[in-house]
Amino acid sequence: MEAAATLLDAEAVGDLVLLDPLTEESLLRTLQERFRRSDIYTYIGDVVISVNPYRPLPIYTPEKVQEYHNCNFFAVKPHIYAIADDAYRSLRDRDRDQCILITGESGAGKTEASKLVMSYVAAVCSKGEEVDKVKEQLLQSNPVLEAFGNAKTIRNDNSSRFGKYMDVEFDFKGEPLGGVISNYLLEKSRIVRHTKGERNFHIFYQLLAGGSAQLLQQLKLRQGSQHYGYLNRESSSLPGMDDAANFRDMQDAMAVIGFSPAEVTALLEVTAVVLKLGNVELSSCYQASGMEACSIAEPRELHEICELIKLDPGTLEQALCSRTVKARDETVLTALSVSQGYYCRDALAKNIYSRLFDWLVNRINTSIQVKPGKQRKVMGVLDIYGFEIFQDNGFEQFIINYCNEKLQQIFILMTLKEEQEEYIREGIQWTPVEFFDNGIICELIENSKCGILAMLDEECLRPGVVNEDTFVTKLNQLFATHKHYESKETQNAKHVTDLSLPQRCFRIHHYAGKVTYNVTGFIEKNNDLLFRDLSQAMWAARHTLLRSLFPEGNPQKVSLKLPPTAGSQFKTSVATLMKNLYSKNPNYIRCIKPNDTKTAMLFTPELVLAQIRYLGLMENVRVRRAGYAFRQLYSPFLQRYKMLGTKTWPRWAGGDREGTEVLLSELKFPPEELAYGYTKIFIRSPRTLFDLEKRRQERIGELATLIQKMFRGWRCRTQYQLMRKSQIIISAWFRGHAQKNKYKQMKRSALLLQAYARGWKVRRTYRRYFRSGASTRLANFIYRRLVQKFLVGLRKNLPPMSVQDRTWPPAPYKFLAGANQELKNIFYHWKCKKYRDQLTPQRKALLQAKLCASELFKDKKTLYSKSLQQPFQGEYLGLTQNPKYQKLHAVAKDKLVMAETVMKVNRANGKTVPRLLLLTAEHLVLADPKAAQPKTVLSLSDIRGVSVTRFSDGLLALHLKETAAAGTKGDLLLVSSHLIELVTRLHQTLMAATSQALALHITDQFSTRFQKGDVAVTVVESAKGSKDVPVCKKRGSHKMEVLVH
Ligand SMILES: Nc1ncnc2c1ncn2[C@@H]1O[C@H](COP(=O)(O)OP(=O)(O)O)[C@@H](O)[C@H]1O
Ligand SMILES: [Mg+2]
């Protein structure tokens, strides 16, 4: 907003259009005030005025570039970057070719301005390897051209001594592709002569200061400008300018542009030749005929030159000192006088240098030119020498000022005249603004029939003696009454005495001031002739570059046609330039020089005022204020902004003008801001245009969003529809599939039902034809078959006969499960029976005894498990073998069941004595072992019962019936080592004899009936005793304790 503030600051408005009141003083004061504040740039609408500060200002930093990049022209402080940005954007976005016209006096800052514009555009356009290379080449053309084309003048230490117009070409994206440089009229007279305080072209000083000793030796040069005539033998160093460093920069720049080392060497060689030509001294001599002739005074320099350009020194000497004249069919060699010789020498030097400069520009162009065929947009930057008024103005000043006059004309035409004419053409109400049209001055100079240049050409071509006097006379006649032409003669005619206007001079009232031209040298310079001898000599040199500069020196190509004069050449190139500029959108930078002494920040009001006047700034402001900042044909305008109106977007059906009116009325701009012409819309202030642009930018953003939205919507919708279609297909298929399945199921069921029903019906119908019970029989038959198969299979597959093996194949059908189980049992029983049948009677009896033992004792007495392993032997005594027991054997007769040795417990004290026990089928006999005599014989029927303990002892109480014969002594307490067998056999024998089971008590406490009464026997489990036998202890008369374990 600082910028807006400065624009409106009454003391120093940024845009002179806003100046109030508008007078020359206020305008001057504003510029001065702004200059004091270091605001060197000021606008008149979109024209930039730049006042040279002559000191570096901190306003060209990369940050500043960023600030102005894509800026709004009217929202930022006036700056050259703003106009560069505006032009670049207009080129890129609106596809309009641009030209930037930089005008102003010499030293006003034009070249600097052009460089600032170029560097700004280079900085903001896109980056990339290829683009950067192009940019670098374009920028680096400056140091090279400045070295060869710039020189120090009194007004400017780095004054361009040639006009330069550079077209930078861009592609549609705004990326630079390359460019073309055109050069105009190099001030070549500077080569041979320059005023004191000025210098020759920079390159000479650069080469001498910066060239290495080796390079200088190669070029046959000596260090120091004092050795060279063309450099005026003055000390040449310039404060603030480092020639040596500049030389290095120039060499680097050449490398960047693409000069090969050989080309650079050739270029420097030719440069050296020019320098050395100035040292070629001539001396006079007289020919035999008495005519004055000249010769080379000191041949060394000439020889060195010839060595450099590989030319025979004689040829060059001859070309310099004589001239071939063709008279009819004869060619005559005439000697030249010393002054003629020097003239020749200088002409040669000037020609070589100016042609070298042209070659240089062409060479740069070949590097930076764009390949044909690409579509491009162009930005032209014109930096041409400024208007010059010297003490003594010659042909060059005339030409330069003519060019400036043309540029002013363009400015007038485009900004003032054109604009006003357009208002009238378009029918806009308009009060014309008075301005000075310099068309008349241009006509004075360039009119092809009676312009000054045409007259000059006529003089040059005229046969006979030509000199400038006849030329001036002719002008005086022609322009006697011309308002802008003056000479001694016309003044005399008007009786005006003006000492400032001498003879042989004419004065033109240029737009920028009156300039008096001295006609001396006009014809010669216009002719710009080089004697053929010299061009032929140059062509004869074997130095490729030099030779190529003089194609007309080729004897085969001798043309009698005179080359166009310098004046007409310049006129043509200016005309081409003007045409070129007219085709583009102009952007003006008008440079003002604030003082004549190159002093930093010094503002000389008179000097500036003069420039304000001749630049026509006042008129410029007036027209601007009265006029409209912007105009455009209705159609493109509507096209560009139609999206801002609801009625015009997206399509307007009516005419373009109506559309524009509808659009703008909808936008509600104040009516004085707009004017409707016949074909164009006019917008008064840039702010309105800016506002339009801003709204457009915003609207475009919205529209882009809208398009995106619609597109996304469309995409989603189509996607959805596709998905929906697919979903319908899938569900249709799925439903179809499900229905088909259901149908199949129903069909199967229906068929089944049908089959049953039909079967039932058929059976009912045909029952009488079938025997009843057929199906049962069939089923039975099938069953039987199955059973048969099963049984046969079983037979083949019977399990092993081992009684331990209980395996049995499973039933193949469920209905056979019961039978199978039954068969399994039967088989097992049968297997057991088979087993039993093959047993011997003894073994059978033994097994029966074991079985019986198991029934009696299993899980009741601990001793049982121990007895399992022991076979029941029955006979342990060996009655038959031992003769001692013969008696006993007899007692047992053949009915012996068991015989063993037992211990009998004494009923009185519990002590034990051994006894032989015999069990027969009828009796139980106890015998004394020594005597082998039966002591006690018990009938089995006397045995009431038997008591044993739970433990693993062998104690047994034999309860006797009271009626028994042996029973008088009471029950017997025995300890047997085969207790289980004994009791089992007893039980078996008793069963066999009496069919009564033995009353067996397995108990811990029992009572025995002894002779002396009942005794309660208590079995006590003790810790493992030392003996296996139980220990009986009598406790009192009726109690006995048996310790067992
Ligand atoms: N914008 C500027 N800022 C600082 N110094 C400048 C500026 N423009 C010009 N100058 C100074 O003025 C001198 C002359 O400028 P130049 O552009 O060569 O003038 P012209 O081309 O108009 O003859 C430059 O060498 C430089 O020192
Ligand atoms: Mg310049």
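Visitor: What makes the approach of Asn52 to ligand 1 a polar contact?

Guide: In this predicted model, an N or O atom in the side chain of Asn52 is 2.7 Å from an oxygen atom of ligand 1. A polar contact requires a pair of N or O atoms within 3.5 Å, so the pair qualifies. Gly107 contributes a polar backbone atom, 2.7 Å from an oxygen atom of the ligand. For Lys110, a backbone N or O atom lies 2.8 Å from a ligand oxygen. The protein covers 84% of the 550 Å² of accessible area that ligand 1 has on its own.

Visitor: Which residues surround ligand 1, and which element gives the most to the shell?

Guide: The ligand is surrounded by 17 residues, and the closest are Asn52, Gly107, Lys110, Thr111 and Glu112. Helix H5 gives the most to this shell, with three residues.

Visitor: Why are Thr111 and Ser160 called donors to the magnesium ion, ligand 2?

Guide: The OG1 atom of Thr111 and the OG atom of Ser160 coordinate the ion at 1.9 to 2.3 Å. The cut-off for this metal is 2.8 Å, so both oxygens count as donors. Thr111 lies in helix H5 (residues 110-124) and Ser160 in strand S5 (residues 159-160), so the pair ties together parts that are 49 residues apart in sequence.

Visitor: How do you know whether Thr111 and Ser160 are buried or exposed?

Guide: Thr111 has a relative accessibility of 14%, and Ser160 has a relative accessible area of 11%. Buried means under 20%, so Thr111 and Ser160 are both buried.

Visitor: What makes the backbone of Lys598 and Lys668 worth listing?

Guide: Lys598 has a positive phi of about 55° although it is not a glycine, and phi of Lys668 is near 55°. Most residues other than glycine have a negative phi. Lys598 is in the loop between strand S16 (585-592) and helix H24 (605-614), whereas Lys668 is in the loop between H27 and strand S18 (674-676).

Visitor: Why is Lys598 called partly exposed, and why is Lys668 called exposed?

Guide: Exposed means over 50% and buried under 20%, with partly exposed in between. Lys598, at 23%, therefore counts as partly exposed, and Lys668, at 69%, as exposed.

Visitor: Where is the cis peptide bond?

Guide: The cis bond joins Trp649 and Pro650, with omega about 0°. Pro650 is placed in the loop between helix H26 (634-641) and helix H27 (656-667).

Note on methods: Residues numbered from 1 in each chain as written. Chains lettered and ligands numbered in written order. Predicted model: local features only at pLDDT ≥ 70, side-chain atom pairs only at ≥ 80, totals over all residues. Heavy atoms only, no water. Donors = N, O, S within 2.8 Å, 3.2 Å for Na, K, Ca; no water. Helix = DSSP H or I, 4+ residues; strand = E, 2+ residues; numbered from the N terminus. Buried < 20%, exposed > 50% of the residue type's maximum accessible area, 1.4 Å probe, protein only. Near = heavy atom within 4 Å. Polar contact = N/O pair within 3.5 Å; in protein donor to acceptor, adjacent residues only side chain to side chain. Areas by Shrake-Rupley, 256 points an atom, 1.4 Å probe, with all protein chains shown as cover.
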